[in-house]
Amino acid sequence: KKLFRLNTDLPGLVDTWGERFVDELDYRKEANNAALFMQSILRTPLAHSVFAPSVIPACSSGRVLTTEWIEGTRLDRLSGPQVLKFCSVALNAYLTMLLESTTLHADPHPGNFVVSPDGRLAILDWGLVTSLEPGLQLAYIDHIAHLVSKDYAKVPQDLVKLGFVPPGMEKEATNSDAVKVLTQVYTQFGAGGGAKKIDVNAVVDSLRGLADRQGNIFVLPAYFAYIARTFSVLEGIGLSHDPDYAIVQECLPYISQRLITDSDPRVASALETFIYGKTKSDTKTVDAKRVEYLLDGISSFNAAASSPLDTDESLEEKSLQVDEIVATFKQAAAVLLAENANSQGPSPTQAIVEREFAKLVGATIRQTASTVREQPAALAVARLLDPFGLLEPLARGKLFEPSEEDLNSLAVFQRIQSKANPQFSSVLDAFTKLSPQQQTQALREIADTLWQYRSGTAMAARRTVTELAAQTADRLLSPSPSSFAPPPKVSSAADPMNK
């Protein structure tokens, strides 16, 4: 420690490592670990994509473990795109274990991943596990969200929360010097390709220079040893089949669905930061690029959770089945229309969607009014009803004149709509290919879902109308701008998300 000026608790790391090795010798603990994993994963969207072999208690003890036999193919022996599809399933499963459950499988070498004939991923050997405290789980959600959205300026503060900064060094870790160095390091790491594509010498020089200027401001927490090992092995599997594999970006699917579905206030804060990006004023403007990024992540997660692989490679095209259509609709309804069990108000996702939808409605009304007002027929009627132009200031006032924020809302919606149209068209096309019985079944289940969420739908509608009224009142009471500026770009080139 003195030689390399380390702050890391080396005895703590060794103790943590040794405790896990000792635990591996008790097969009753291993059986319990597998059972805990199955209990937790069955409560997630990955319930039908990943599993642990069932333990046979009658044939097991502290020194003998007997499980069901799993037929299948080792993950590293698959070929083509199949490997990366199951790497995605595995990474989503490990993020779920790390950030939602109390059991993280810590021995993910290729021999412990088997793809079963029914297209599920089996995870074997549950003797070596670790876990995170709930507080650290939320901090990691924040941290990973910042990494995938490339908000590197927030990384130093994340590292403080996660215990990577020793007590008394918080100020040094969050100053501009540290932010600049860490941004350079994480930019290289996030680009993919693993260590082979990172300028290791430059990274080491940057960190050494930072240590010379600020002191050794980083420490490796004891709890992180197995986590680092676990995800480095997962990255290695991905890199063995894709030299540009980027594990940080592969975290997007899990983080996207977690940000959308979790109502915890800290997760809600991460969601707002992800969607709105950096804000220098009280006005929040949606970053369309980030919304697209979020939707892509959710789509990828759903693909991994529903059907990770079509095991029959001769089936090049598989029509969308009725259960997939209905499942997508039910998921959207659960997120947008369900009543929030944790409070009287909307969930964080509902609040954002309702606020932005109210903005869109108001912007559409004002844009339409502005367009119609300039039509020859409208001008003729205006001259007839108001020959002296007494109402002209009202017609061109804040109530009916689209603002810069309105035009930005419309531009964001058009950009998202253009991205969603092809997917929506494919769903409609798949629906028309269903048999009449399947179409009837799908429509019946959709109707049942709407009926199930009728109360939540009514509440969402009332909240949206209230939000629209509040936005209109704020608009009327706010000072008038001295001049009207042209609409801004939907996304800024300065945002690292757009590079």
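Let me begin with one residue, D76, which is partly exposed, because its relative accessible area is 29%, where buried means under 20% relative accessible area, exposed means over 50%, and partly exposed is in between, using a 1.4 Å probe and protein chains only. Its partner is R74, which is also partly exposed at a relative accessible area of 29%, and the two form a salt bridge whose closest N and O atoms are 2.8 Å apart. By salt bridge I mean a side-chain nitrogen of Lys or Arg within 4 Å of a carboxyl oxygen of Asp or Glu.

Please keep in mind that this is a predicted model, in which local features need pLDDT of at least 70 and side-chain atom pairs count only at pLDDT 80 or more, while totals for chains, interfaces and linings use all residues. Residues are numbered from 1 along each chain as its sequence is written, and side-chain values use heavy atoms, with hydrogens and water left out.

How many salt bridges does the structure hold? There are 15 salt bridges, and I will take two further examples. In the first, D151 and R290 meet through their side chains at 2.9 Å, N to O. This pair links distant parts of the chain, since D151 sits in the loop between α4 (134-148) and α5 (155-161), whereas R290 is in helix α13 (residues 288-306), 139 residues apart; helices here are DSSP runs of H or I with at least four residues, strands are runs of E with at least two, and both are numbered from the N terminus. D151 and R290 are both buried, and together with D287 they are linked in a network of salt bridges.

In the second example, R355 forms a salt bridge with E272, with 3.3 Å between the closest N and O atoms. R355 lies in helix α15 (residues 348-373) and E272 in helix α12 (residues 265-276), so this pair ties together parts that are 83 residues apart in sequence. R355 is buried, at a relative accessible area of 19%, whereas E272 is partly exposed, at 24%.

Let me finish with the strands. An open sheet of 4 strands follows the order β1-β5-β4-β2, with mixed pairing, where two strands pair if DSSP finds at least two bridges between them. β1 (50-51) and β2 (73-74) stand at the edges with a single partner strand each, so one side of each has no neighbour in the sheet. Between β2 and strand β4 (residues 113-115), which run antiparallel, there are 2 bridges, and T73 stands opposite V115 in β4.
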